[in-house]
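Subject: Handover of a structure and findings

Dear colleague,

Please find the structure below for your own work. My findings follow it, grouped by topic.

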Amino acid sequence: MNENVLNKLKILAESAKYDVSCSSSGTVRSNKPGMLGNTVGGWGICHSFAEDGRCISLLKVMLTNYCIYDCAYCINRRSNDLPRATLSVSELVDLTMEFYRRNYIEGLFLSSGVVRSPDYTMERLVRVAKDLRTVHRFNGYIHLKSIPGASRELVNEAGLYADRLSVNVEIPKEENLKLLAPEKDHKSVYAPMRYIQQGVLESSEERKKHRHAPRFAPAGQSTQMIVGATAETDKDILFLSSALYKGPTMRRVYYSGYISVNTYDTRLPALKQPPLVRENRLYQADWLMRFYQFKVEEIVDDAYPDLDLEIDPKLSWALRHPEQFPVDINRADYEMLLRIPGVGVKSARLIVASRRFSKLGFYELKKIGVVMKKAQYFITCHELPMKTVNEMTPQAVRSLLITKPNKKKVDERQLLLDFRD
């Protein structure tokens, strides 16, 4: 393999690592005669797991890390002095096929800095996907980042070859986006989102009439928001996520804790490390909206604009609403079971199915998979030994469930080596 191309790959893969919105889930492409590869729906970012347990690897790379924009939060901003590289369309296509034949990857996640114009960059991204599909008959997973400001024609063409398209919102509020990226606006982001949504819906209608009509971005679209770079509350972030999920094609909103890559820029907060706990709480709240039938107003509101960093959002909601508990595990409907801390979607379904045959008690629930450490304070059932949240107080339950930090004891007899310069 060409050493020059490998050097470019090293630079561009490093530049691409800050984009987290590259799950390979949501689409299945069966192997076809004359085609190379297949895609099995999986979950993850660069390495994901298929339904049959296989690990799916994606080549996550940028077409170029040159960029005409000077966004304060981006490592590839125009004013940064860092190694730059650009892969030609043929180089990236050959690289993807070479890696696939060597069994390194099963799909491609492709993004790019913006060079010359959004349309010029988008056209090159589309050419990569088109050549892989039509020239090399590649049938694996392809995720393309749509360039904000790209024309409808190019976005529509991209949807014919990519499994998933995504456009990053980055900053939830436009005034804060203008502060950190004066050359960008939300209009250029939401326009491609609309094009993708319209393309998916039109394709769906067309396939009802013609069975073999081409599919348009069958895995839908996703987006990403940066957490902690600006002063948005969790309420601002989650209300925007909720609005995006109301669109029929938005599959995932990713949350990326801000990493201080441009510490010299005074517009940015001076963070010693990314806000990973806050990022995790946002993902948990996101799952409550998507799978647990919570409304965003129940998770965050004017009184509680930020998520509790010490406990998960479902437990936080339960402690704020003790009047909803305890729940009779043997009688409550499925929707209420989902709101019990420690009960997941799978556990709730098993409870509904199992209680038709006999009453469920502490040990049966534990066997089903309920996290009884949390759930015991919010339920009543056969043979439950613990007091409920109303017999105690929400504050007492909270103090019992807050995870105590584990401080590792240092054995003074061990030799400690300091490798710092």
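A residue is called buried here when its relative accessible area is under 20%, exposed when that area is over 50%, and partly exposed in between. By that rule, 52% of the 421 residues of the protein chain count as buried. Please bear in mind that this is a predicted model.

Overall organisation

The protein chain holds 15 helices and 10 strands. Among its contacts with a separation of 6 or more, 65% are made by residues 24 or more positions apart.

The largest nonpolar core comprises 115 residues, and Y73, L238, I340 and F378 have the most contacts inside it. Helix α2 gives the most to this core, with 7 residues. Domain 1 (1-25 + 38-297) and domain 2 (311-399) each supply at least three residues to the core. As for I340, its contacts beyond the neighbours within four places in sequence are K314, F325, V327, I329, A375, F378 and I379. F378 thus appears both as a contact of I340 and among the core residues with the most contacts.

Two helices with a buried face

Helix α1 covers residues 3-16, and its 14 residues should span 20 Å at 1.5 Å a residue. The C-alpha atoms at its ends are 20 Å apart, which agrees with that expectation. Its buried residues are V5, K8, L9, L12, S15 and A16. Viewed down the axis of α1, these buried residues fall within an arc of 130°, so they line one face of the helix. E3 and K10 are exposed and sit on the face of α1 turned away from the buried side.

Helix α4 (residues 152-161) has L154, V155, A158, G159 and Y161 as its buried residues. They occupy an arc of 165° when seen down the axis of α4, and therefore line one face of that helix. What do the buried residues of α4 pack against? Their partners are α3 (118-135), β5 (141-145), β6 and α6 (186-209).

One residue of helix α6 may be described in its own right: R207. With a relative accessible area of 34%, R207 is partly exposed, because this value falls between the limits for buried and exposed. Beyond its neighbours within four places in sequence, R207 is in contact with A213, P214 and R215.

A buried position in strand β4

S111 belongs to strand β4. Its relative accessible area is 8%, so S111 counts as buried. Once neighbours within four places in sequence are set aside, S111 is in contact with V61, M62, L63, L125 and K145. S111 and L144 lie 33 residues apart in sequence, while their C-alpha atoms are 6.2 Å apart in space.

Backbone geometry

Most residues other than glycine have a negative phi, and most peptide bonds are trans. Three places in this model depart from that pattern, and I list them for your attention.

- The peptide bond joining F325 and P326 is cis, with omega at about 0°. P326 is found in the loop between α10 (313-320) and β9 (327-328). F325 is also one of the contacts of I340.
- N103 has a positive phi, near 65°, although it is not a glycine. The residue is placed in the loop between α2 (89-101) and β4 (107-111). N103 counts as exposed, because its relative accessibility is 64%.
- E170 likewise has a positive phi, near 70°, in a residue other than glycine. It is located in the loop between β6 (164-166) and α5 (174-180). Is E170 buried or exposed? At a relative accessible area of 14%, E170 is buried.

Cysteines

How many disulfides are there by the rule used here? The count comes to 0. C67 is in no disulfide, and the nearest cysteine sulfur, that of C71, is 6.3 Å away. C71 is in no disulfide either; for C71 the nearest cysteine sulfur is that of C74, 6.1 Å away. Both distances fail the criterion, because a disulfide requires the two sulfur atoms to be within 2.5 Å. C71 has a relative accessibility of 5% and so counts as buried.

With kind regards

Methods: Residues are numbered from 1 along each chain as its sequence is written. This is a predicted model: local features need pLDDT of at least 70, side-chain atom pairs count only at pLDDT 80 or more; totals for chains, interfaces and linings use all residues. Side-chain values use heavy atoms; hydrogens and water are left out. Helices (H or I, at least four residues) and strands (E, at least two) are DSSP runs, numbered from the N terminus. Buried means under 20% relative accessible area, exposed over 50%, partly exposed in between (1.4 Å probe, protein chains only). A nonpolar core is a set of buried Ala, Val, Leu, Ile, Met, Phe, Trp, Tyr and Cys residues joined through side-chain atoms within 4.5 Å. Domain bounds come from an automatic or database domain assignment. Contact means heavy atoms within 4.5 Å. The expected span of a helix is 1.5 Å times one less than its number of residues. The arc is that of the directions from the helix axis to the C-beta atoms.
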